[in-house]
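Visitor: I should like to examine this structure by way of a series of questions. Please show the sequence and the coordinates before we begin.

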Amino acid sequence: MTKTPRVSKKVVRSEIIRLLRLAMDPGTPIEYADRYVELAREFSMKYRVRIPRQYKLFICKGCKRILRPGSTAIFRIRNLPVKHIYVKCLRCGEVYRKIFGSMKPD
Ligand SMILES: [Zn+2]
């Protein structure tokens, strides 16, 4: 029988943030960063803890790997038709937009 150990969500959440901060650190090699993102996502699913919105922006919706501006992704702030962030993953080619103000709390 596999039982998920009882860990407080607060602890898991801080661990997820720690991993994602490491992943976003420009000094962290991309291969490591991808692994940190993978681990953070595993924790998130296993313990049903959401990945904070500000970090979610840096995880590709297509390949679930780290989006690092200038290296694995392009980030652009655009004003038309509405103010949004244009994000393109350079590894899988996924393109998406995040609209300011209407971001769902997820
Ligand atoms: Zn991608």
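Guide: Two residues are taken to be in contact if their C-beta atoms, placed from the backbone, lie within 7 Å. The model under discussion is a predicted one.

Visitor: With which residues is Tyr36 in contact, leaving aside its neighbours within four places in sequence?

Guide: Tyr36 is one of the helix 2 residues that make the contact with helix 1. Leaving aside neighbours within four places in sequence, the residues in contact with Tyr36 are Leu19, Leu20, Leu22 and Ala23.

Visitor: In what order do the elements of the protein run from the N terminus on?

Guide: The protein has 3 helices and 3 strands. From the N terminus on, their order is α-α-α-β-β-β.

Visitor: Is helix 1 roughly parallel or roughly antiparallel to helix 2?

Guide: The axes of helix 1 (residues 9–24) and helix 2 (residues 30–46) come within 8 Å and cross at roughly 160°. Angles over 145 degrees count as roughly antiparallel. Helix 1 is therefore, with respect to helix 2, roughly antiparallel.

Visitor: Is the crossing of helix 1 and helix 2 left-handed or right-handed, and how many nonpolar residues has their contact?

Guide: The crossing of the two helices is left-handed. Helix 1 contributes Val12, Glu15, Ile16, Leu19, Leu20, Leu22 and Ala23 to the contact, and helix 2 contributes Ala33, Tyr36, Val37, Leu39, Ala40, Phe43 and Ser44. By class, the contact of helix 1 with helix 2 has 1 charged residue, 1 polar residue and, as nonpolar residues, 12.

Visitor: Which elements each supply at least two residues of the largest nonpolar core?

Guide: In soluble globular proteins, nonpolar side chains tend to be buried together. The largest nonpolar core here has 17 residues, and those with the most contacts inside it are Leu20, Ala23, Tyr36, Val37, Ala40, Ile66 and Leu67. The elements that each supply at least two residues of this core are helix 1, helix 2 and strand 2 (84–89).

Visitor: What percentage of the residues in the protein is buried?

Guide: A residue counts as buried if 20 or more other C-beta atoms lie within 10 Å of its own. Of the 106 residues in the protein, the buried ones make up 19%.

Visitor: Is Ser8 buried or exposed, and what separates its C-alpha atom from that of Tyr47?

Guide: Ser8 lies in the segment before helix 1. Since 12 or fewer C-beta neighbours count as exposed, Ser8, with 10 other C-beta atoms within 10 Å, is exposed. Ser8 and Tyr47 are 39 residues apart along the chain, and their C-alpha atoms are separated by 9.0 Å.

Visitor: What is the C-alpha separation of Pro52 and Arg13?

Guide: Pro52 lies in the loop between helix 2 and helix 3 (53–56), and is partly exposed, with 14 other C-beta atoms within 10 Å. Pro52 and Arg13 are 39 residues apart along the chain, with a C-alpha separation of 8.6 Å.

Visitor: Which residues does Tyr96 touch, not counting residues up to four places away in sequence?

Guide: Tyr96 is placed in strand 3 (residues 95–99). With 14 other C-beta atoms within 10 Å, Tyr96 is partly exposed. Not counting residues up to four places away in sequence, Tyr96 touches Lys61 and Val87.

Visitor: How far apart in space, C-alpha to C-alpha, are Lys98 and Val87?

Guide: Lys98 also lies in strand 3, and is partly exposed, with 15 other C-beta atoms within 10 Å. Lys98 and Val87 are 11 residues apart in sequence, and their C-alpha to C-alpha distance in space is 7.9 Å.

Visitor: What is the value of phi for Arg48, and what is it for Lys64?

Guide: Most residues other than glycine have a negative phi. Arg48 lies in the loop between helix 2 and helix 3 and, with 10 C-beta neighbours inside 10 Å, counts as exposed; Lys64 lies in the loop between helix 3 and strand 1 and is partly exposed. Both values are positive: phi of Arg48 is near 50°, and phi of Lys64 is near 60°.

Visitor: Is the peptide bond from Leu80 to Pro81 cis or trans?

Guide: Most peptide bonds are trans. Pro81 is found in the loop between strand 1 (73–78) and strand 2. With omega near -5°, the peptide bond from Leu80 to Pro81 is cis.

Note on methods: Residues are numbered from 1 along each chain as its sequence is written. This is a predicted model: local features need pLDDT of at least 70, side-chain atom pairs count only at pLDDT 80 or more; totals for chains, interfaces and linings use all residues. Axes are lines fitted to C-alpha atoms, for helices over the stretch in contact, and angles run from 0 to 180 degrees between N-to-C directions. Helices (H or I, at least four residues) and strands (E, at least two) are DSSP runs, numbered from the N terminus. Angles under 35 degrees count as roughly parallel, over 145 as roughly antiparallel, 65 to 115 as roughly perpendicular and the rest as oblique. A crossing is left-handed if the near helix is turned anticlockwise from the far one by less than a right angle, and right-handed if clockwise. Ala, Val, Leu, Ile, Met, Phe, Trp, Tyr, Cys and Pro count as nonpolar, Asp, Glu, Lys and Arg as charged, and the others, Gly among them, as polar. A nonpolar core is a set of buried Ala, Val, Leu, Ile, Met, Phe, Trp, Tyr and Cys residues joined through C-beta atoms within 7 Å.
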